[in-house]
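Me: I'd like to learn how to read a helical model from its coordinates. Can you walk me through it, feature by feature?

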Amino acid sequence: MQLEDILILSAFLFCMGLYGLITSKNVVRALMCLELLLNSVNLNFIGFSAFMDPLEIKGQVLVVFVMTIAAAEAAIGLALVLAIYRNRDSVNLEQFNLLKW
């Protein structure tokens, strides 16, 4: 697989995630789209790492860091969604006004 193919696939995944993040009214779907954005960035790291220097694993190390941060973000995000769902009985983004003055 060529670098161009990897970049096209990554751009497609990024655009899908961005579109889903912008148009989503459900918090769980928005978190899934955010994970899709991070995975497209990971695909770029892997592609460029394999293209620039196949013997080094710098891109793979960055991917592990991004996956760690994505897992922490998902855990905290879902915990917040569950806490808000218990109070509001909805996961609709338009009804989240808990932080307004």
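Me: How many residues does α3 have, and how far does α3 reach from its first C-alpha to its last?

Reply: Some ground rules before that. This is a predicted model, where local features need pLDDT of at least 70 and side-chain atom pairs count only at pLDDT 80 or more, while totals for chains, interfaces and linings use all residues. Residues are numbered from 1 along each chain as its sequence is written, and side-chain values use heavy atoms, with hydrogens and water left out.

Now the general idea: helices (H or I, at least four residues) and strands (E, at least two) are DSSP runs, numbered from the N terminus. The expected span of a helix is 1.5 Å times one less than its number of residues. Here α3 has 31 residues and reaches 44 Å, close to the 45 Å expected.

Me: And how far does α2 reach from its first C-alpha to its last?

Reply: α2 has 26 residues and reaches 38 Å, close to the 38 Å expected.

Me: What caps the N-terminal end of α2?

Reply: Look for a polar contact, meaning a pair of N or O atoms within 3.5 Å; within protein, one must be able to donate a hydrogen and the other to accept it, and residues adjacent in sequence count only if both atoms are side-chain atoms. In this model N26 does the capping, with a side-chain oxygen 3.2 Å from the backbone nitrogen of V28.

Me: Which residues of α3 are buried?

Reply: Buried means under 20% relative accessible area, exposed means over 50%, and partly exposed is in between (1.4 Å probe, protein chains only). For α3 the buried set is G59, V63, V66, A70, G77, V81 and I84. An α-helix has 3.6 residues a turn, so residues three or four places apart point the same way.

Me: What do the buried residues of α3 pack against?

Reply: They pack against α2. Going the other way, the buried residues of α2 pack against α1 (3-23) and α3; among them are L37, S40 and N42.

Me: Is S40 buried or exposed, and what does S40 touch?

Reply: S40 counts as buried because its relative accessibility is 1%. Contact means heavy atoms within 4.5 Å. Not counting residues up to four places away in sequence, S40 touches S10, L13 and F14. A polar atom of its side chain also lies 2.7 Å from the backbone oxygen of L37.

Me: Which residues does N42 touch?

Reply: With the same sequence neighbours left out, N42 touches V63, V66 and M67. N42 sits in α2 as well, and at 7% relative accessibility it counts as buried.

Me: Why does I46 count as partly exposed?

Reply: Because its relative accessibility is 32%. I46, in helix α2, touches G59, Q60 and V63, again leaving out residues up to four places away. By contrast, 42 Å separates the C-alpha atoms of I46 and N87, which are 41 residues apart along the chain.

Me: Which residues make the nonpolar surface patch?

Reply: Patches are made of residues with over 30% relative accessible area and no salt bridge; like charges are joined within 9 Å, and nonpolar side chains (Val, Leu, Ile, Met, Phe, Trp, Tyr) within 5 Å. A salt bridge is a side-chain nitrogen of Lys or Arg within 4 Å of a carboxyl oxygen of Asp or Glu. Accessible areas come from the Shrake-Rupley method with a 1.4 Å probe; for residues, only the protein chains shown count as cover. In this model I57, V61, L62 and F65 make a patch of about 380 Å². I57 is in the loop between α2 (27-52) and α3 (58-88), and counts as exposed because its relative accessible area is 55%.
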